[in-house]
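User: I'm new to reading protein models, and I'd like a close look at just one part of this one. Could you pick a helix and walk me through what surrounds it?

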Amino acid sequence: MIPSVNSSGSRTIGLLSYLYGPGKHEEHTDPHLVASFDGMSPDPGRDPNATLKDLQQLLDQPVMALAEHARPAKHVWHTSVRADPRDRILSDDEWADIARRIVAATGIDPGDGQPGCRWAAVRHADDHIHIVATLVTEDGHRPDDYRSGARAQAEARLIEKELGLHEVAPGDGTAAQRPTSAERHKAERQGRERTAREELRETVRRAVAGATSEEEFFDRLAGAGLLIRKRAAPSGDLLGYKVALPDDRNKDGEPVFYPGARLAPDLSLPRIRERFTTPAAPDQGHTGTEQPADPPDTGPAMARRRAATAAWQAVLVIDHDSDDGLIAAHIAAAGEILDALAKTSAAHTRKELRDAAFAFERASRSHVRAVRGHDRALRQAARDLVHGGPALGRGEDGATTAMLIDMAFFLVTAAAAWHGKKEHAQQAEAARHAAEHLRAAYQAAAGQPMAALHQRGQLLPLPLQRRHTIVVRQAVPELAEQILAEAGWPALAATLADAEAAGHDPAVLLSDAAGRRELDSAASLSDVLVWRLRRAAGLPADASAQPVPGTSTTHTSSQSRTPGTAQGRDGRRRGR
């Protein structure tokens with residue numbers, strides 16, 4: 001349940017006209033009172049003999065009783081209280097009780113014999129009400145409504161528990177502005193999955209991911225098809241920007257522009273500039289103005305490998321560093337990785353990756369200010385992903401996508417844990433939601449490459465299988481039985497054999513991969529260790545065309561016969 005206390009106004013009749021009217025886009029249905037300060041106020045929505053003027057005059061009476069010079073310039077208090085989309089539809093009686101509790105908690109009408117303000121609660125939709133009050137008490141004083149927004153939020157948390165509603169995590173003022181009812185209704189009419197505000201926020205975030213200059217940022221916005229207006233000082237210096245969707249128009253047919261800061265606090269031009277001119281990390285010897293470089297044109301697979309490595313290092317920073325500003329920078333840059341990954345993903349993973357990036361946006365900001373510069377590796381990785389271009393859903397592209405998603409899952413899980421320790425409730429919840437989407441994306445991405453590894457593991461000679469079973473029991477004795485019982489064990493066995501064939505010590509690799517960070521949040525230990533080992537050892541992520549260690553043939557995932565047959569040799573040629 002979200003109470004939203006709005007700025008004070010000066011015209012009671014104007015606000016009532018809007019609440020009882022059809023709405024900006026005909027979204028208001030059956031406007032009527034559910035509660036009022038005396039329980040007997042005229043209701044222009046249900047009583048044919050009542051008018052808006054009657055209700056306005058009743059609410060304004062304490063204000064008008066004051067001498068003109070003593071009346072507050074802005075005497076109209078307005079808040080909306082909206083249920084979560086997952087909540088059941090509440091009755092008028094329930095909304096009436098909610099309204100009485102909100103005005104009491106905020107000091108508008110405290111009750112218990114204390115003088116209160118006059119107010120009325122109007123319902124014109126299933127999911128919310130509006131409370132209108134006039135800011136003069138019955139005895140002619142100003143109400144004690146200091147921090148009424150925070151007090152309304154606290155009361156809403158209690159109401160949620162008592163009514164069994166979805167419990168909204170308390171905020172800290174760093175969230176992006178929610179779409180308004182009018183924006184949501186407009187999106188529904190236009191058949192949009194998301195509102196224009198949300199689409200623009202996503203597009204701007206993708207444009208800034210890994211960007212190194214204002215020019216590149218604005219070029220990306222234009223390339224995405226957005227309309228752009230820049231605001232400049234008389235000197236010519238750029239002060240800000242606005243963006244609009246070409247097909248989002250107001251009633252006059254003009255584009256609806258949104259300033260960057262209204263999309264999200266970190267999308268204002270000054271905050272974006274912080275990403276471009278970053279202080280150097282003291283222990284890295286940078287000049288302080290170095291930027292992510294244009295990566296070599298090595299394609300999406302190599303970009304995903306580099307991003308997985310950067311994400312792994314970021315996980316270790318979040319887990320072990322004590323500098324909150326440094327950690328906040330890594331978490332913010334993790335959002336750029338997710339934005340860039342969603343932008344360049346194949347069709348079968350695109351929706352879940354897009355939803356993961358959308359959810360994690362809330363986790364990328366808190367009151368802990370990110371110290372930019374320390375996030376250089378992640379921002380470079382985001383840039384690599386964008387420059388690497390769209391990935392295929394198969395082969396090395398598809399397999400390295402699974403590798404990166406697996407690492408991104410641990411990155412956002414680490415961010416959720418850090419936010420939880422800092423009592424950043426909304427951010428922690430957002431990161432957990434992002435992790436759920438990443439888990440689903442991983443299942444879509446990992447099916448083919450893990451199946452190929454599983455098949456290769458089953459084809460390993462028995463002596464090699466037994467040797468790597470011993471390796472697991474020696475390297476990770478506390479995890480061995482769980483790993484060996486998992487369905488993914490053959491894929492890990494194949495990876496250990498590949499690492500050994502490439503000249504690595506599989507026991508050392510496995511011990512290091514398992515020991516650098518906990519595995520409790522992993523759905524499959526084998527899967528996680530497969531990707532950590534293949535990344536650390538520089539092994540191909542897609543093993544479908546690699547030789548099976550201990551044999552003299554090449555095996556592809558499409559084979560159904562034993563290696564060494566004519567079909568096996570033909571399959572090897574096709575897989576190259």
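Analyst: Here is a walk around one helix, α6, and the spaces and neighbour beside it.

Keep in mind as we go that this is a predicted model. α6 covers residues 196-208, so find that stretch in the sequence and in the 3D view.

Let's start with empty space. Rolling a probe the size of a water molecule over the atoms shows where empty space is left. In this structure there are 3 cavities of 30 Å³ or more, and the largest one holds about 80 Å³ of space. Who lines that largest cavity? The residues are Glu198, Arg201, Glu202, Arg205, Arg206, Asp339, Arg354, Ala357, Phe358 and Glu361. Our helix gives the largest share of that lining, with 5 residues from α6. Another helix, α12 (347-360), also supplies at least two residues, as α6 does. Now check the chemistry of the lining: 8 residues are charged, 2 are nonpolar and no polar ones turn up. Ala357 and Phe358 are the nonpolar pair in that list.

Next, look at how α6 meets a neighbouring helix, α7, which spans residues 214-223. Their axes come within 8 Å of each other and cross at roughly 135°. Because of that angle, α6 counts as oblique to α7. The crossing of α6 past α7 is right-handed. Which residues actually make the contact? From α6 they are Thr203, Val204, Arg206, Ala207 and Val208, and from α7 they are Phe217, Arg220 and Leu221. Sorted by class, this contact has 5 nonpolar residues, 1 polar and 2 charged. Arg206 is worth clicking on: it belongs to the cavity lining and also to the contact with α7.

One more space involves our helix: the second largest pocket, with a volume of about 300 Å³. Its lining is made of 23 residues, and Asp266, Arg271, Ala332, Ser364 and Arg365 lie nearest the centre. α6 supplies at least two lining residues here, and so do α9 (269-276), α11 (324-343) and α14 (395-421). This time the largest share, 5 residues, comes from α11. By class, the pocket lining has 9 nonpolar, 4 polar and 10 charged residues.

To pull it together, α6 helps line the largest cavity, makes a contact with α7 and supplies residues to the lining of the second largest pocket.

Conventions. Residues numbered from 1 in each chain as written. Predicted model: local features only at pLDDT ≥ 70, side-chain atom pairs only at ≥ 80, totals over all residues. Heavy atoms only, no water. 1 Å grid on protein atoms, 1.4 Å probe; cavity = no way out; pocket = protein on both sides within 12 Å on 5 of 7 lines; lining within 4 Å. Points joined across faces, edges and corners; volume = space filled by probe spheres on them. Helix = DSSP H or I, 4+ residues; strand = E, 2+ residues; numbered from the N terminus. Axes fitted to C-alpha atoms, helices over the stretch in contact; angles between N-to-C directions. Parallel < 35°, antiparallel > 145°, perpendicular 65-115°, else oblique. Left-handed = near helix turned anticlockwise from the far one by under 90°. Contact = heavy atoms within 4.5 Å.
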